[in-house]
Structures are given as C-alpha cells and as structure tokens.
Amino acid sequence: MKLRRSGHPVVGVVPMRQLSIEELDRVLKGWRGRTVRVAKREQDNWDRVEIDLEDVGYQENERSIDDYVGRHVLQLHGAGTVEPEPGAELSSLPGRALEIPLTADDTYILEDGRLEIWSPRGQYVLEGVAKNPS
C-alpha cells in the first residue's frame, strides 16, 4: 500500500510521481498564463500566495549571508497577492516575483495536477488554475 508523507493511504487517486528539476521546470512553464496558488511553510511560518504566472526563472547566488536567500532560487514572475496568515489582509507580492530557495536535497512531486516541493527549509504546494478574468 502506498502512503502519503502524512502516513495516510493513497486511495482512488492518481499516484504521485517524483520529478527531476527539468520536469519541474516544464510543468511550471506550462502554467504560464494561469493563476498559481502556492501554500508555503518555511520555518514554521505559513503563507498563501496567488500569482498570475508570467514567467519562470532561476537565479544562482554566489553566497548567502544569512541563509534566508538560498544559493539556487526558483523565481515565479507575475503580479500576485500574499496572505501572511489565515484571515489576514492580502498584500501585494513584493517585487512581482515569488522566490523559492532550492537545494540539492529537495524532492519534487507531481500528484493530481499539484506540485509539491519538499526541502530541508520548507514545504511548498503549487496548483495551476485558470486565470481569473479581469
């Protein structure tokens, strides 16, 4: 029996598939033009982000002074909003990009059209949905 990371059995769902970084990139670039919902947990801090995905990029930093900015960073570019905690007032996404630090120890999972990034730093769940008409 397959188990989710939570330990609950997977019943009646499409099995999860671990992705390479190249496959992760293809999925994300396929979501350009959509709204991407991101639930992220970093160091016991939860945020929800919605971003109208325009582009996907990567940045390599020479070094990180405070370990907050990772050496490798996934960048999701576009206008968006941040809900810093449940029920909090929404604010604009700073810099028109969401940055997710990447490490060599990350796991990328695709399950039921949802991407999960598991890293030593945190967990990120991304879903590409149809863009809201303006």
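Which residue is the bridge partner of Leu19 in β9? The partner is Tyr108. This pair sits in the antiparallel pairing of β1 with β9, residues 107–111, which runs over 3 bridges.

## Model and confidence

The model is predicted. The protein chain averages a pLDDT of 82. A score of at least 70 is reached by 79% of the residues.

Residues 1–13 need caution. Their pLDDT stays under 50. For this stretch the model has 19 contacts beyond four places in sequence. Where pLDDT is low, predicted coordinates should not be read in detail.

## Overall make-up

The protein chain holds 1 helix and 11 strands. Along the sequence the pattern is β-α-β-β-β-β-β-β-β-β-β-β. Thus the helix follows β1 in that order.

The chain has 134 residues, and 35% of them count as buried. About 8,500 Å² is exposed by the protein chain. Carbon and sulfur atoms supply 48% of that area. Contacts between residues at least 6 apart in sequence can be split by range: 53% of them join residues at least 24 apart.

## The eight-stranded sheet

An open sheet is formed by 8 strands. Their order is β1-β9-β10-β11-β2-β3-β6-β7, with antiparallel pairing. The edges are β1 (17–19) and β7 (91–92). Each of these edge strands pairs on one side only.

For β1, the pairing with β9 is antiparallel, over 3 bridges. Leu19 and Tyr108 are bridge partners there.

## Strands β5 and β8

β5 (72–77) and β8 (97–102) also pair with each other. Their pairing is antiparallel and spans 6 bridges. Within it, Leu76 has Leu98 of β8 as its bridge partner.

β8 is mostly covered. Of its 6 residues, 5 are buried.

## Helix α1 and its buried face

Helix α1 covers residues 21–30. The helix lies across β1, β9, β10 (114–118) and β11 (122–129). Relative to β1, it runs at about 100 degrees.

Which residues of α1 are buried? They are Leu24, Asp25 and Leu28. Seen down the axis of α1, these buried residues fall within an arc of 100 degrees, so they line one face of the helix. Arg26 and Gly30, on the other side of α1, are exposed. The buried residues pack against β1, β4 (55–60), β5, β9, β10 and β11.

## Asp25, a buried acidic positionAsp25 is in helix α1. Why does Asp25 count as buried? Its relative accessibility is 15%, and the cut-off for buried is under 20%. Leaving aside neighbours within four places in sequence, Asp25 is in contact with Val56 and Tyr58.

## Gly122 in β11

Gly122 is in strand β11. At 2% relative accessibility, Gly122 counts as buried. Beyond its neighbours within four places in sequence, Gly122 is in contact with Arg41, Glu42 and Ile117.

Asn45 is 77 residues away from Gly122 along the chain. The C-alpha atoms of the two are separated by 9.1 Å.

## Two loop residues with positive phi

Most residues other than glycine have a negative phi. Arg96 has a positive value, near 55 degrees. Where is Arg96 placed? Arg96 is in the loop between β7 and β8. At 43% relative accessibility, Arg96 counts as partly exposed.

Asp112 is not a glycine, yet its phi is positive, about 50 degrees. Asp112 is in the loop between β9 and β10. Its relative accessibility is 45%, so Asp112 counts as partly exposed.

Terms used: Residues numbered from 1 in each chain as written. Predicted model: local features only at pLDDT ≥ 70, side-chain atom pairs only at ≥ 80, totals over all residues. Heavy atoms only, no water. Pairing = 2+ DSSP bridges. Helix = DSSP H or I, 4+ residues; strand = E, 2+ residues; numbered from the N terminus. Contact = heavy atoms within 4.5 Å. Axes fitted to C-alpha atoms, helices over the stretch in contact; angles between N-to-C directions. Buried < 20%, exposed > 50% of the residue type's maximum accessible area, 1.4 Å probe, protein only. Arc of directions from axis to C-beta. pLDDT = per-residue confidence, 0-100. Areas by Shrake-Rupley, 256 points an atom, 1.4 Å probe, with all protein chains shown as cover.
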